[in-house]
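Let's walk through this structure together, one piece at a time. Have the 3D view ready to rotate as you read.

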Amino acid sequence: MMQKIVFWTLVTGSLLAVAVHLVHPGSTKAPRVEEKRIVIWLNGQRIFLPIAYIPPRERGLYQDGHGTDALRIEAVLPTLAPFVDPEDNSPVFDRYRDEISILIGPAGVNSEAERRELLASYAKDWLESRSKEGQRFGLQRYVLEPGARSAFVHNDVYLNLGPGPDQALINCTPDSVPDPESPEAAQLRRKGELVKNPMCEHTFFSPRLPKSVIQVSYFRRHLPNWRGIQASVLKFIDSLSDDRPGQQGIPSAAEPGST
């Protein structure tokens, strides 16, 4: 199972690097948002997903009324409206600034206790060669020990395994990588050095999708609002079970394989 979450981490990161776009404040194009929704059986749970959330190049992977064990959607903070490619030439960080990628995959857990246990097992692998570095934003922070090497890269790790809906495992590009808007980054640019865009990958579960795990990717600048992001994504997932009468693109569908 840990291999799967690492795979999603790699896939999500690479897709964000090449394919995620955000409407830039200076853009004059009015994005067109499609209203159609399709029904998807996601790990046995039926959801009604507005097709605008699926990147156009990936829509062929999901067929109306069919089942899947993984789904990737893209949205924009803070509203979680679907992102629309503005096709402009603004800098990468400006275009990606408030975009999030939401990856939902199989987990095979049904109860809250099982979800907590699985999240703890993910954390155990990430915490190898890391030590506690105090609290930050209501999360326990862990950093790589001096001179240590980790199979799970050099990211800082943030963890909350307490009771309630805020259980989360977040790994982020370490503080040594400056935010593109910071004076440190500006100084590096003046020296002709490349400035990375620090990212976070945020893993948690939804009671609405008991057999799935959720991984949300966003720029590290949003880490202070991790609770708000998690709550918004959970609320959004809850809304996907809404079978509104007469909604375009929602057929009356039985679960694949049922009679």
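A good place to start is a turn: strands S7 and S8 make a hairpin with two residues between them, and Phe137 in that turn has a positive phi of about 55°. Before going on, a word on the ground rules: this is a predicted model, in which local features need pLDDT of at least 70 and side-chain atom pairs count only at pLDDT 80 or more, while totals for chains, interfaces and linings use all residues. Residues are numbered from 1 along each chain as its sequence is written, and side-chain values use heavy atoms, with hydrogens and water left out.

Back to the hairpin. S7 and S8 run antiparallel and are joined by five bridges; strands count as paired if DSSP finds at least two bridges between them. One of these contacts sets Arg130 opposite its bridge partner Leu144 in S8. On to the next neighbour: S8 and S9 pair in the antiparallel sense over three bridges, with Leu159 in S9 as the bridge partner of Gln140. Strand labels, like helix labels, are DSSP runs numbered from the N terminus, with helices being H or I of at least four residues and strands E of at least two.

How enclosed is S8? Six of its six residues are buried, so S8 is largely enclosed by the rest of the structure. Here buried means under 20% relative accessible area, exposed over 50%, and partly exposed in between, using a 1.4 Å probe and protein chains only. Both faces are covered, with Leu139, Arg141 and Val143 buried on one side and Gln140, Tyr142 and Leu144 buried on the other.

Now zoom out to the sheet. Nine strands form an open sheet in the order S5-S4-S6-S12-S11-S10-S9-S8-S7, with antiparallel pairing. Strands S5 (81-82) and S7 (130-136) stand at the edges with a single partner strand each, so one side of each has no neighbour in the sheet. Elsewhere in the sheet, S6 (residues 99-106) and S12 (residues 212-219) pair in the antiparallel sense over six bridges, and Pro106 has Ser212 in S12 as its bridge partner.

Helices pack on this sheet too. Helix H3 (residues 112-126) touches S7, S9, S10, S11 and S12, and its direction makes about 25° with that of S10. Helix H5 (residues 226-239) lies across S4, S6, S8, S9, S10, S11 and S12, running at about 130° to S12. For these angles, axes are lines fitted to C-alpha atoms, for helices over the stretch in contact, and the angles run from 0 to 180 degrees between N-to-C directions.

Next, the cross-links. A search of the whole structure finds one disulfide, a term for a pair of cysteine sulfur atoms within 2.5 Å. The disulfide joins Cys172 to Cys200, with an S to S distance of 2.0 Å, and the link is right-handed, with 110° about the S-S bond. Cys172 sits in strand S10 and Cys200 in strand S11, 28 residues apart, so to speak a link between distant parts of the chain. Cys172 and Cys200 are both buried.

The same kind of search finds eleven salt bridges, each a side-chain nitrogen of Lys or Arg within 4 Å of a carboxyl oxygen of Asp or Glu. One of them returns us to S8: the side chains of Arg141 and Asp175 meet at 3.0 Å, N to O. Arg141 lies in strand S8 and Asp175 in the loop between S10 and helix H4 (183-190), so the pair ties together parts 34 residues apart in sequence. Arg141 is buried, with a relative accessible area of 10%, whereas Asp175 at 37% counts as partly exposed.Helix H5 has a salt bridge as well, in which the side chains of Arg227 and Asp166 meet at 2.9 Å, N to O. Arg227 lies in H5 and Asp166 in the loop between S9 and S10, so this pair ties together parts that are 61 residues apart in sequence. There is also a network of salt bridges linking Arg57, Glu58, Arg72 and Glu74.

Finally, the chain as a whole. It has five helices and twelve strands, and of its 259 residues, 50% count as buried. Among contacts (heavy atoms within 4.5 Å) between residues at least 6 apart in sequence, 64% join residues at least 24 apart.
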